[in-house]
Amino acid sequence: MFQDHAVLQRDRPVAVWGRAPGGAEVTVSLGQAQVQAVADATGVWRAHLPPTPAGGPYVLTARSGGSTQTLSDIMVGDVWLCSGQSNMEYPLRQVTNAETEVANAHDEGLRLFLVGRSSLPQPSPATGPVGQWRLTTPATARDFSAACYFMGRDLRQAQGVPVGLIAASWGGSIIEDWLSRKTLTDLGGAEDALEALSAYARSPEEGEAMWRDFTLAWWNDNDPGSRQGWNRERFDDRDWAPIPAEGAWETTVPALLAFDGVVWMRNTVQLTAAQARQAATLELGPVDDVDTTWINGRNIGGQQGWDTPRTYTIPAGALKAGRNVVALGVLDTNGGGGAWGPASGKRIVFADGSTVSLGDGWRYKVSAQVAALRSLPRTPWIGGSGLTTLYNGMIAPLGAYGLKGAAWYQGESNAGDAAGYSRLLPALFADWRARFENPDLQMLVVQLANYGPAATQPADSLWAALRESQRLAVAADPHAGLALAIDIGDRYDIHPTNKQEVGRRLALEALRLAGQSTVASPQPVAVERGADGVHVRYAAGTALTLYGFHRPVGFELCDADGACRFVDATLAGDQVILPAARPSDVKVRLCWADSPICNLYGPQNLPATPFEAPIV
């Protein structure tokens with residue numbers, strides 16, 4: 001982390017560390033400040049520079065005996081970690097107006113550090129650079145996180161101090177993969193997976209065998225198709241429907257347009273005796289999300305990861321001359337679904353180099369919807385969808401580097417489990433504050449953007465439920481902020497290109513937490529029953545505005561049985577009144593849908609926060 005052009009965190013003691021001969025005295029200096037440390041028996045030393053105001057450039061020097069290491073062009077300012085999945089990873093070169101934004105990326109006071117992708121089953125004792133500090137130029141910024149860059153750019157303009165941005169993201173990743181093992185252990189519920197992960201760290205073969213036993217038990221316990229023998233060689237599947245050999249089932253099979261759950265797929269292939277005797281592998285391409293794969297009634301593998309290509313070794317004796325049956329159960333948890341890779345990538349490859357195609361002839365049958373399943377299995381060492389591997393590979397190597405805060409844009413891959421996310425997100429806050437030794441570390445959360453079908457009637461929404469878990473986690477934390485994206489997404493594209501506004505809203509939250517602004521998306525402070533209806537009260541004096549209509553839209557009233565209905569609303573100063581309330585109504589929702597239409601706004605074009613709240 002300590003390199004030329006680095007940015008150190010201002011106004012806090014700064015941890016600096018390195019290696020020297022065991023027992024050696026080390027002197028560290030920054031400008032006029034100088035501190036000493038002693039290397040331990042393993043050669044590791046650590047010192048703390050005193051709090052330093054924003055400024056620079058400085059020279060950072062470490063001396064021990066006759067050896068000196070000197071780093072130049074060191075700035076002191078605010079350092080931010082930006083992390084999450086693909087919307088945080090999304091590069092500047094792909095945003096709206098990208099050509100102009102990239103061309104204008106010139107700022108020597110804004111430093112960029114891109115952490116390379118790394119997934120590890122346990123933290124590595126090896127030391128070495130995980131990225132490189134660079135000045136902001138068109139060449140360095142074009143592949144950097146756009147949301148992170150725009151946040152940093154806006155903070156530079158507002159505060160005028162150096163800013164260092166550390167980007168560490170992984171597209172499609174789940175929050176569990178960004179947590180430390182200790183935190184996951186303390187949360188509980190993942191004991192089997194963590195045990196398999198430990199076994200995998202010792203020996204991949206041991207871990208894979210342990211996980212295969214665990215997942216097979218899960219399929220037998222949860223999946224009706226497994227219990228009914230849909231994986232068997234001798235099974236009558238003549239009434240199963242055909243399914244294309246490539247493309248996600250939500251885009252190629254009308255009957256599976258919005259289906260999440262388990263679907264079984266089967267195919268047959270004719271082999272010669274010479275082929276059946278050879279060593280062989282089965283290639284299926286990527287499968288979204290989890291598969292269990294069988295040949296002639298024999299399990300040959302299973303993995304998790306929507307974009308992970310499946311290649312399985314076929315055990316000796318599993319193939320035979322004549323008819324062979326390939327069967328796979330596919331569990332999809334959110335969007336896409338199926339063995340979506342090219343048809344040409346589905347085949348059996350023999351030791352002599354010959355192949356037999358599985359590019360057509362597939363049939364399918366639905367086994368179970370995702371809501372009926374329990375404890376969805378995730379291979380714990382698969383980067384992005386495992387447990388703690390991204391923490392080990394991309395967060396732990398940063399050490400206790402001094403940070404002002406972290407910006408977190410993730411949640412799409414956890415949208416099916418809002419209840420679990422409500423435990424995991426606060427755990428991430430605590431985990432990273434401990435990791436970076438800063439109990440006041442600011443945590444900025446981008447709430448999920450609008451994406452998916454528009455709603456004509458009130459309905460449950462997995463995305464809305466996860467947004468609510470994000471809102472509540474932030475509201476319960478005095479050092480956390482929420483940046484809304486409910487109005488700047490794209491219902492047809494999970495990767496909206498307007499990252500400029502995401503960055504602006506993140507910067508506004510950072511300024512608010514620093515006491516330099518009071519601007520925020522309006523949130524209700526009370527939901528009360530009155531003589532003229534239900535009153536949704538916002539903070540006194542909140543300047544609420546309506547766009548596109550003279551009344552707020554998107555409000556719902558719900559009864560105790562969970563039946564909700566859209567209702568008319570009127571804006572009265574800093575509150576919204578719902579006059580159509582019934583005595584049986586128990587809660588209010590606003591913008592509760594995957595892609596809601598919202599027209600209630602506060603200052604600086606910030607939308608009112610979607611919410612669900614009881615009526616008191």
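Reader: Where is Asp-289 placed in this chain, and which peptide bond leading to Asp-289 is cis?

Author: In this predicted model, Asp-289 sits in the loop between strand E13 (280-286) and strand E14 (290-295). As a general idea, most peptide bonds are trans. Here the bond from Asp-288 to Asp-289 is cis, with omega near 5 degrees. A cis peptide bond also joins Gly-56 and Pro-57, where omega is about 5 degrees. Pro-57 belongs to strand E6 (residues 55-64).

Reader: Which residues have a positive phi although they are not glycine?

Author: The general expectation is that most residues other than glycine have a negative phi. Among the residues that depart from this sign are His-5, with a phi of about 75 degrees, and Asp-73, with a phi of about 60 degrees. His-5 occurs in the segment before strand E1 (7-9), whereas Asp-73 is part of strand E7 (residues 67-84).

Reader: Are His-5 and Asp-73 buried, partly exposed or exposed?

Author: The reading depends on the relative accessible area: under 20% is buried, over 50% is exposed, and values in between are partly exposed. His-5 has 28% and is therefore partly exposed. Asp-73 has 21%, so Asp-73 is partly exposed as well.

Reader: How should one read Val-325, in strand E17: is Val-325 buried or exposed?

Author: Val-325 lies within residues 322-332, which form strand E17. The relative accessible area of Val-325 is 2%, so the residue is buried. Apart from neighbours within four places in sequence, its contacts are Arg-232, Glu-233, Arg-266, Asn-267, Thr-268, Trp-294, Ile-295 and Asn-296. As for Glu-191, 134 residues from Val-325 along the chain, the C-alpha atoms of the two residues are separated by 35 Å.

Reader: Which residues does Asn-222 touch, not counting those up to four places away in sequence?

Author: Asn-222 is in helix H7 (residues 204-222) and touches Arg-227, Leu-373 and Arg-374. Its relative accessibility is 9%, so Asn-222 counts as buried.

Reader: At what angle do helices H12 and H13 pack, and how far apart are their axes?

Author: Two packed helices are described by the angle between their axes and the distance between the axes. For H12 (residues 418-435) and H13 (residues 462-475), the angle is about 35 degrees and the axes are 9 Å apart. The crossing of these two helices is right-handed.

Reader: Which residues of H12 and H13 meet?

Author: From H12, the participants are Ala-418, Tyr-421, Ser-422, Leu-425, Pro-426 and Phe-429; from H13, they are Ala-465, Leu-466, Ser-469, Gln-470, Ala-473 and Val-474. The contact of H12 with H13 comprises 9 nonpolar residues, 3 polar ones and no charged ones.

Reader: How many helices and strands are in the chain as a whole?

Author: The chain has 14 helices and 33 strands. Its radius of gyration is 27 Å, close to the 25 Å that the globule rule gives for 616 residues, so the chain is as compact as a globular protein of that length. Along the principal axes, the C-alpha atoms fill a box of roughly 80 × 80 × 45 Å.

Reader: What percentage of the residues in the chain is buried, and what area does the chain expose?

Author: Of the 616 residues, 56% are buried. The exposed area is about 25,200 Å², of which carbon and sulfur atoms supply 52%. Regarding contacts between residues at least 6 apart in sequence, 74% join residues at least 24 apart.

Terms used: Residues are numbered from 1 along each chain as its sequence is written. This is a predicted model: local features need pLDDT of at least 70, side-chain atom pairs count only at pLDDT 80 or more; totals for chains, interfaces and linings use all residues. Side-chain values use heavy atoms; hydrogens and water are left out. Axes are lines fitted to C-alpha atoms, for helices over the stretch in contact, and angles run from 0 to 180 degrees between N-to-C directions. Helices (H or I, at least four residues) and strands (E, at least two) are DSSP runs, numbered from the N terminus. A crossing is left-handed if the near helix is turned anticlockwise from the far one by less than a right angle, and right-handed if clockwise. Contact means heavy atoms within 4.5 Å. Ala, Val, Leu, Ile, Met, Phe, Trp, Tyr, Cys and Pro count as nonpolar, Asp, Glu, Lys and Arg as charged, and the others, Gly among them, as polar. Buried means under 20% relative accessible area, exposed over 50%, partly exposed in between (1.4 Å probe, protein chains only). The radius of gyration is taken over C-alpha atoms; the globule rule is 2.2 Å times the number of residues to the power 0.38. Accessible areas come from the Shrake-Rupley method with a 1.4 Å probe; for residues, only the protein chains shown count as cover.
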